[in-house]
Amino acid sequence: MPLDADGKGLGAFPAGWPAAEAAALDWNLLREDVSLPVAVLYEARMRHNLQWMQRFMEAYRVKLAPHGKTTMSPDLFHRQLQAGAWGITLATAPQTRAAYRHGIRTVLMANQLVGRANMAMVAELLRDPDFTYFCLVDSAANAAQLGAYFSGQGLRLPVLIELGVAGGRTGVRDDAQLGALLAELERWPQALALAGVEVYEGVLQDEDGIRAFLQRAVRTLRGLAADGRLRQDGPALISGAGSAWFDVVAEEFSGLDIGMPLDIVLRPGCYLSHDVGIYRSAAERIAAHNPVARRLDPGLQPALQVWAYVQSVPEPRRAIVALGKRDAAFDAGLPVPAAHYRPGGAAPLPAPQHWKLTAMMDQHAFLSIDAGDDIQVGDMIAFDISHPCLTFDKWRQVLLIDEQYRITGVAPTCF
């Protein structure tokens, strides 16, 4: 894939230069070879996170299907698969097709498949016998639509029943809804293959409630197996876990026996980049309570930053940084100044602890400083972020860098 000459965060380079050969350009972030603002991933930290999560999953004997919507970067998907992931989780039919076109052959779409055009995308992929795919169903209405469409295509669609909670997101709420859904699935034995159960525990906030929800999923799956409702032409599947409670899901699902082959698949996605906000808080909870996480210390490391220039210092206690809502997530806390570098200097220094973003606009950020601070127009500031998903989706490509700030690669995205 060639580098995107019109994208943010790149310098002058030969037209059509392949992303895989970015290191040959001998760029360095501190030498100002690339345009700022720029999103970067630190290679060493990312490798650590890949290995850490894979070892965690192996300790519980469960499989990993990281949620690809976090990065939507096929290059990063393949790194996750090479590190041992079972497959990639995605959220939509277009995401699934984009991943397939870049060589991904096992997809758990942790969402309902609704609408004729979306069904057509998936049907096209299912004609490849090497492509493995699951989607979710939580209503008789959706099952009827899927059954009619895939029956007409002569295809059999593997589905997982999604369980939900009152006041939550999608998912079957009670036994009456479950019974109606099962009755509809039985109408389409040639078109719909019931493979198992899925949950998203992140809609709940307390551990006791999450464990009760996961235990409900286990009981439901066991009931489906005992009643002979699960497909016989492949293993059953149970899946859960976002990036905040994967430890609890692993504890509740690990070792589950339903009397037939079973894949236990967990789906955290933000571990690859991690962050200094919502997921660092989750990691601290996990490290305090989970014995496997304690054994794997050090834990996950924040690997994603956005670098930007100081573009104005209009007041003694305010600097304006060329970084905005179009560049970094702001829904779960504003970016945090992490490092300060003046071009031509020896190395970046930690940003003063009192530096703080107070507001962001589309292309500007307001940095609170103290009068007399050593900060100038043209200085470079690295920002840590909270919520990687809504940072990655603002970039067509993310640069990979080493600890000397050399550009080692580029990860194009498919948002």
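**View 1. Trp52 is buried and pairs with Phe56.** In this predicted model, Trp52 has a relative accessible area of 5% and is buried (under 20% relative accessible area, with exposed over 50% and partly exposed in between; 1.4 Å probe, protein chains only). Phe56 is also buried, at 0%. By the ring-pair rule there are 10 aromatic pairs (rings of Phe, Tyr and Trp, the last by its six-membered ring, with centres within 6.5 Å; stacked if the planes are under 30 degrees apart, edge-to-face if over 60, tilted for the rest). The pair of Trp52 and Phe56 is stacked, at 5.5 Å centre to centre and 15 degrees between the planes. Because they are four residues apart in helix 1 (residues 43-60), about one helical turn separates Trp52 and Phe56 (helices are DSSP runs of H or I of at least four residues, strands runs of E of at least two, numbered from the N terminus).

**View 2. Tyr149 and Phe150 form an edge-to-face pair.** The ring centres lie 5.3 Å apart and the planes stand at 80 degrees. Tyr149 is buried at 11% relative accessible area, and Phe150 is buried at 0%.

**View 3. Trp52, Phe56, Tyr60 and Phe246 form a cluster.** Ring pairs link these residues.

**View 4. Charged groups sit over the rings of Tyr42 and Phe330.** The charged end of Arg45 is 3.8 Å from the ring centre of Tyr42, and Lys325 lies over the face of Phe330 at 4.9 Å from the ring centre (NZ of Lys or CZ of Arg within 6 Å of the ring centre and within 35 degrees of the ring normal).

Residues are numbered from 1 along each chain as its sequence is written, and side-chain values use heavy atoms, leaving out hydrogens and water. In this predicted model, local features need pLDDT of at least 70 and side-chain atom pairs count only at pLDDT 80 or more, while totals for chains, interfaces and linings use all residues.
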